[in-house]
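Dear colleague,

Please find below the structure that I agreed to pass on to you. I should be grateful if you would keep it open while reading the notes that come after it.

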Amino acid sequence: MSREVYMDHAATTYMKEEVIEEMKPYLTDYFGNPSSIYKISRKTKMAIDESRMRIAQTINANADEVYFTAGGSEADNWALKGTALANKDRGNHIITTAIEHHAILHSCKYLEKLGFEVTYLPVNEFGIVNVEDVKKAITNKTILVSIMFANNEIGSIQSIEQIGSICRNKKIIFHTDAVQAVGSVPIDVKSMNIDLLSMASHKFYGPKGIGALYMRKGIKVDNLIHGGAQERAKRAGTENVMAIAGMGKAIELAEQNMNEERKRLTYLRDKMIKGLLNIPGTKLNGAEGENRLPGNVNISFESVDGDTLLMLLDSEGICASSGSACSAGALEPSHVLMAIGLKEDLAKGSLRLTLGYKTTEEDVDYTVKIIEEAVNKIRDNKKKWK
Ligand SMILES: *Cc1c(COP(=O)(O)O)cnc(C)c1O
């Protein structure tokens with residue numbers, strides 16, 4: 001039997017055993033509505049409070065600045081639409097980047113239809129936004145800057161602290177989509193001057209369908225989901241208690257292991273990059289060293305179709321991704337790879353491999369070997385049929 005190697009942690013992760021254990025009581029005995037007053041409900045209310053506290057601690061926020069959402073996409077939609085609508089008396093201009101997740105880009109497109117103006121900042125060849133560009137794009141109508149912490153395709157990490165201080169000085173609200181960064185690199189919303197921050201539990205070994213939006217006290221954001229008074233009357237709907245409990249456990253574990261795991265993944269990442277760049281006709285996409293997420297590898301192969309490569313890898317038990325999972329299936333080359341200036345055929349011959357908690361050195365060696373064989377096979381076949 002061939003081995004199973006999961007190299008797609010940026011798409012989603014499995015849950016850690018401890019996370020599943022933490023969730024179990026809320027699937028069975030403790031099903032009570034957190035808004036009710038009897039014992040099984042007090043237990044669920046306590047689980048929510050505890051999870052909120054753990055999340056707040058991890059990013060150096062106060063517990064009452066953390067609001068649960070149904071995932072990263074909802075947090076992003078809420079941050080953008082809620083902020084735009086609540087602050088439209090101050091201006092209609094929003095600044096973001098060309099490499100954001102679609103939850104941001106499509107929210108911006110929607111806001112443009114409502115009359116907001118959006119500047120999409122370019123990035124350099126490593127996928128990094130120039131801080132001076134942010135400064136220059138600000139006008140007296142700018143109400144919001146939304147720049148992702150770390151990119152989901154190429155792993156590039158932005159100068160969040162510098163951008164945050166620019167925005168704070170100009171009294172412009174600063175949101176960051178930190179879905180790829182939370183649990184993987186240190187985040188401090190206070191020292192980084194972050195006003196709004198999105199996260200999603202399933203990117204750090206928690207359950208899917210649950211996330212959070214950090215909103216700094218005093219920032220004006222309209223509600224996205226109207227209804228009951230849950231989440232201090234800011235986000236209606238009976239809470240997803242078991243997922244919230246799991247998310248809290250997952251972030252606690254990620255925080256505990258962060259330094260060690262960062263070092264381990266950085267080593268494995270660099271070993272894999274080195275191995276893959278040994279194959280002729282290859283190019284690394286994204287930044288190197290500290291400016292790259294610990295577990296992210298993104299490589300382009302000349303004269304190779306990424307989707308064919310993925311299928312060959314799948315037949316050897318390797319799960320990876322070409323472009324981002326959200327746009328896989330669509331024939332369009334990834335907007336992120338286009339934004340770093342990659343030619344279309346190199347963009348279509350790109351592979352994203354994202355390492356994580358269960359990845360071993362053997363997995364990395366095996367994957368490099370299989371990719372080399374697959375790339376040679378595809379290129380050989382091409383020659384034969386020409
Ligand atoms: C996964 C992801 C999202 C969307 O999160 P969901 O929980 O899947 O809705 C948003 N932004 C980034 C950067 C992501 O990686």
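The notes below concern the cavities and then the surroundings of the ligand.

Please bear in mind that this is a predicted model.

Cavities

Searching the whole structure gives three cavities of 30 Å³ or more. The volume of the largest cavity is about 360 Å³. Its lining is made up of 28 residues, and those closest to the centre are S184, K203, Y205, L265 and L355. By residue class, the lining of this largest cavity consists of 12 nonpolar, 12 polar and four charged residues. Helix 8, which spans residues 241–277, gives the most to the lining, namely six residues. The largest cavity lies between domain 1 (5–13 + 258–385) and domain 2 (17–253), because both domains give residues to its lining.

Ligand surroundings

There are 13 residues around the ligand, of which G72, S73, D177, Q180 and K203 come nearest. K203 thus appears both in this group and among the residues closest to the centre of the largest cavity. The shell around the ligand comprises three nonpolar, seven polar and three charged residues. Helix 3 (residues 72–86) provides the largest share of that shell, with three residues.

Three contacts to oxygen atoms of the ligand may be of interest to you:

- Q180 places a polar side-chain atom 2.7 Å from an oxygen atom of the ligand.
- G72 has a backbone N or O atom at 2.9 Å from a ligand oxygen atom.
- H202 has a side-chain N or O atom that is 3.0 Å from an oxygen atom of the ligand.

On its own, the ligand has 380 Å² of accessible area, and the protein covers 86% of this area.

Yours sincerely

Conventions: Residues numbered from 1 in each chain as written. Predicted model: local features only at pLDDT ≥ 70, side-chain atom pairs only at ≥ 80, totals over all residues. Heavy atoms only, no water. 1 Å grid on protein atoms, 1.4 Å probe; cavity = no way out; pocket = protein on both sides within 12 Å on 5 of 7 lines; lining within 4 Å. Points joined across faces, edges and corners; volume = space filled by probe spheres on them. Helix = DSSP H or I, 4+ residues; strand = E, 2+ residues; numbered from the N terminus. Nonpolar A, V, L, I, M, F, W, Y, C, P; charged D, E, K, R; others polar. Domains from an automatic or database assignment. Near = heavy atom within 4 Å. Polar contact = N/O pair within 3.5 Å; in protein donor to acceptor, adjacent residues only side chain to side chain. Areas by Shrake-Rupley, 256 points an atom, 1.4 Å probe, with all protein chains shown as cover.
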